[in-house]
Amino acid sequence: MADTPANRPDRGPDVVEVTVDRERGELRLSFDDGASGAVPLAELRRHCPCATCRAARQAGHDPTPDRPTGVADAELVGAWGLGIAWDDGHRTGIYPFTALHEWVVAGEAPFTPDSGLGG
């Protein structure tokens with residue numbers, strides 16, 4: 001039996017392509033279930049799942065700097081997430097692929113103000 005998202009209830013779809021398009025200001029993603037789309041980098045930064053940014057959102061503050069930020073670097077974190085180093089020096093958030101998949105499918109961030117994970 002093929003290893004597909006339908007017969008792996010413990011995992012979401014696997015990411016098959018990740019592209020940081022700095023010129024367009026977006027993160028483009030494709031998944032093995034056929035879902036694909038783009039997430040604006042500014043929104044991705046605003047919804048950073050790290051503890052510091054979660055605490056700021058929970059307190060009702062926007063955790064992003066007053067100036068636009070870009071991506072300095074991005075790297076896969078195992079097979080489950082994407083780590084992004086922003087050009088404002090922030091680099092502690094890891095974006096789980098399950099949440100990014102949900103974002104691509106729903107067209108909006110799945111993150112709640114007090115959590116880095118969807119829910």
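Which residue's side chain does Asp 21 meet in a polar contact? Hold on to that question for a moment, everyone, while I introduce the protein. What we have on the screen is a predicted model. So the partner of Asp 21 is Arg 28, and the polar contact between their two side chains spans 2.6 Å.

Let me stay with Asp 21 a little longer. You will find Asp 21 in strand β1, which covers residues 15-21. Is Asp 21 buried or exposed? Its relative accessibility is 15%, and buried means under 20%, so Asp 21 counts as buried. Leaving aside residues up to four places away in sequence, Asp 21 touches Glu 26, Arg 28 and Leu 41.

Now let's zoom out to the whole protein. There are 3 helices and 6 strands in its secondary structure. If you walk along the sequence, the pattern reads β-β-β-α-α-β-β-β-α. The protein has 119 residues, and buried residues make up 37% of them. Its accessible surface is about 6,800 Å², with 49% of that belonging to carbon and sulfur atoms. What about contacts that span the sequence? Take the contacts between residues at least 6 apart in sequence: 34% of them join residues at least 24 apart.

Next, the sheet that holds Asp 21's strand. Here 3 strands form an open sheet, ordered β1-β2-β3, and the pairing is antiparallel. Which strands stand at the edges? They are β1 and β3; each has a single partner strand, so one side of each is left without a neighbour in the sheet. From one strand to the next, the twist averages 20 degrees. Helix α3 packs on this sheet, where it touches β1, β2 and β3, and its direction makes about 100 degrees with that of β2.

Let's follow the pairings one at a time. Strand β2, residues 26-31, runs antiparallel to β1, and 6 bridges join the two. If you want to find the match-ups on your screen, start with Val 15, which stands opposite Phe 31 in β2. Then look at Val 18, standing opposite Leu 29, and at Val 20, whose bridge partner is Leu 27. The hairpin of β1 and β2 has 4 residues between the strands, and in it Gly 25 takes a positive phi near 70 degrees.

On to the other pairing of β2. Strand β3, residues 36-40, is joined to β2 by 5 bridges, again in an antiparallel arrangement. In this pairing, Leu 29 has Gly 37 as its bridge partner in β3. The hairpin of β2 and β3 also has 4 residues between the strands, and there Gly 34 takes a positive phi near 95 degrees.

There is another sheet to visit. This open sheet of 3 strands has the order β4-β5-β6, with antiparallel pairing. Its edges are β4, residues 71-77, and β6, residues 94-96; each has a single partner strand, so one side of each is left without a neighbour in the sheet. Here the twist averages 25 degrees from one strand to the next. Strands β4 and β5 pair over 6 bridges in the antiparallel sense, and Leu 76 stands opposite Leu 82 in β5. Helix α3 turns up here as well: it lies across β4, β5 and β6, running at about 65 degrees to β6.

That brings me to the inside of the protein. How many residues does the largest nonpolar core have? It has 21, and those with the most contacts inside it are Leu 27, Leu 29, Leu 44, Ile 84, Trp 86, Tyr 95 and Leu 100. At least two core residues come from each of β2, α1 (41-46), β5 (81-86) and α3 (97-106). Which of these elements gives the most to the core? That is α3, with 5 residues.

To finish, please find Leu 100 on your screens. Setting aside residues up to four places away in sequence, Leu 100 touches Leu 27, Leu 29, Phe 31, Leu 44 and Tyr 95. You have met some of these names already: Leu 27 is the bridge partner of Val 20, and Phe 31 stands opposite Val 15. So, to recap, we began at the contact between Asp 21 and Arg 28, and we end at Leu 100, one of the residues with the most contacts inside the largest nonpolar core. Thanks for listening!

Key: Residues are numbered from 1 along each chain as its sequence is written. This is a predicted model: local features need pLDDT of at least 70, side-chain atom pairs count only at pLDDT 80 or more; totals for chains, interfaces and linings use all residues. Side-chain values use heavy atoms; hydrogens and water are left out. Buried means under 20% relative accessible area, exposed over 50%, partly exposed in between (1.4 Å probe, protein chains only). A polar contact is a pair of N or O atoms within 3.5 Å; within protein, one must be able to donate a hydrogen and the other to accept it, and residues adjacent in sequence count only if both atoms are side-chain atoms. Contact means heavy atoms within 4.5 Å. Two strands pair if DSSP finds at least two bridges between them. A nonpolar core is a set of buried Ala, Val, Leu, Ile, Met, Phe, Trp, Tyr and Cys residues joined through side-chain atoms within 4.5 Å. Axes are lines fitted to C-alpha atoms, for helices over the stretch in contact, and angles run from 0 to 180 degrees between N-to-C directions. Accessible areas come from the Shrake-Rupley method with a 1.4 Å probe; for residues, only the protein chains shown count as cover.
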